[in-house]
Amino acid sequence: MRVVLLGGAGYLGAVATRHLSALGHHVTVVDGLIYARDDDPKRLLPTATAFVNADLRDVDALRRAMRGADAVVHMGGLVGEPACAVDERLAVELNFASPVLAAAIARDLGVPNYVLFSSCSVYGQHEGTVDEDTAPHPLGIYARTKVLAEEHVTGMLDGQAGVTVLRLATVHGPSPRQRLDSVANRMTAQAVATGRIPLNGGSQRRPLVHVADVAEVLAAVLGHPGGHGVLNVGADGENYTITQIAQTVARAVPGTHIDRGPERDEADARDYRTSFGRLADLLPGTCPTPLIDGVRQIAAAMADQRITDPDRPEYDNLKGLRACHAAGRLQAVRSAECDRLWQEYADAFGGVLR
Ligand SMILES: NC(=O)c1ccc[n+]([C@@H]2O[C@H](COP(=O)([O-])OP(=O)(O)OC[C@H]3O[C@@H](n4cnc5c(N)ncnc54)[C@H](O)[C@@H]3O)[C@@H](O)[C@H]2O)c1
């Protein structure tokens, strides 16, 4: 199968590319390497991968890369609220406009399958257990851009291509393009480097999933022809509170002390328990890797110097984005189509735009 991964040189993409290539798929990665422009894609990606260094809003580059594809996977953009808050307009262009532009090209070219990476963050805050039928409750820019991208891509390709929206739990574990800024990886890096985990509150619930399990789900979805609608990606047993995540890390990294702060992190109100029953019905046995395995793998990578300085900006999307944004290397392009979609975003969330 010929698969095009948009944003495929990132944390998830580098793992997914290896997995899909090992299964015999022909993978093309389109990525602008926005966090490390001088990074060598050969270091990140298997040799057989075709690599296109391009912006995910460059419709000509997308069209060239997607011609003849059996599936397009959009896994690029800005991840998490702090990165999206650096420049809301840029976040809308990368997380909403880019998937829409790619869907329009996929439709024109007759690409039969489109997979969109979204996030369980769309659920925001919810008392009980959320599933794919729960109305999204986006609490910030990141979740709002994801909700709109899901709606538009699904509507545009209805009856034209199979669409699958993967709402991922928060991902942990090692990757050739390592991120240490998501909760479990960050706590592990802090525990190994300093022996301490700062914990603000900790009662918020968060589902987690291992990076290799996400790659397997993607491969399995691509292997089942047709679209599967919205799927939460994770496992029921991998719902944790933030305190439980810290305790799991402290168990795996002996001598770690948890420094407790105020009861709640006001900057991040996300709090929900997620059901992964739909995925388990479709693909039984997927996402089997527990949190502690990912924690041990990150700790081992630090112990044997595969990760040397965890404070390096390349491990932290927010630091990396601030650097390239301040240097003018990544800005909103405000093309006519991006402006039109910005307006749609403003109309949908007008009262809360900054
Ligand atoms: N990592 C998680 O915990 C998590 C959780 C839920 C959902 N997701 C979703 O999964 C997807 C992948 O996440 P990730 O952790 O691999 O992120 P990442 O930041 O490591 O990868 C994103 C990639 O997109 C590329 N990119 C961004 N803007 C670009 C542009 N304008 N032009 C070209 N390339 C550009 C970057 O260079 C990077 O390689 C995202 O859609 C994210 O929202 C991730």
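In this predicted model, the ligand is surrounded by 27 residues, and the closest are Gly-7, Gly-10, Tyr-11, Gly-32 and Gly-76. The shell comprises 13 nonpolar, 10 polar and 4 charged residues. At least two shell residues are supplied by each of α1 (11–22), β5 (113–119) and β8 (170–172). Of these elements, α1 provides the largest share, with 3 residues.

Besides its part in the ligand shell, α1 packs against another helix, α8 (residues 211–223), with the two axes coming within 9 Å and crossing at roughly 55°. An angle of this kind is neither under 35 degrees nor within 65 to 115 degrees, and α1 is therefore oblique to α8. The crossing of α1 past α8 is right-handed. On the α1 side, the contact is made by Tyr-11, Leu-12, Val-15, Ala-16, His-19 and Leu-20, and on the α8 side by Val-211, Ala-212, Val-214, Ala-215, Glu-216, Leu-218 and Ala-219. By class, 11 nonpolar residues, 1 polar residue and 1 charged residue make up this contact. Tyr-11 of α1 thus appears both among the residues closest to the ligand and in the contact with α8.

The strand β8, another contributor to the ligand shell, belongs to an open sheet of 3 strands with mixed pairing, in the order β8-β10-β12. Because β8 and β12 (239–241) each have a single partner strand, they stand at the edges, and one side of each lacks a neighbour in the sheet. Neighbouring strands are turned by 45° against each other on average, direction ignored. Between β8 and β10 (residues 205–210), the pairing is parallel and extends over 3 bridges, with Val-171 opposite Val-209 of β10. Helix α9 (residues 242–252) lies across β10 and β12, and runs at about 90° to β12.

How values were computed: Residues numbered from 1 in each chain as written. Predicted model: local features only at pLDDT ≥ 70, side-chain atom pairs only at ≥ 80, totals over all residues. Near = placed C-beta within 6 Å. Helix = DSSP H or I, 4+ residues; strand = E, 2+ residues; numbered from the N terminus. Nonpolar A, V, L, I, M, F, W, Y, C, P; charged D, E, K, R; others polar. Axes fitted to C-alpha atoms, helices over the stretch in contact; angles between N-to-C directions. Parallel < 35°, antiparallel > 145°, perpendicular 65-115°, else oblique. Left-handed = near helix turned anticlockwise from the far one by under 90°. Contact = placed C-beta atoms within 7 Å. Pairing = 2+ DSSP bridges.
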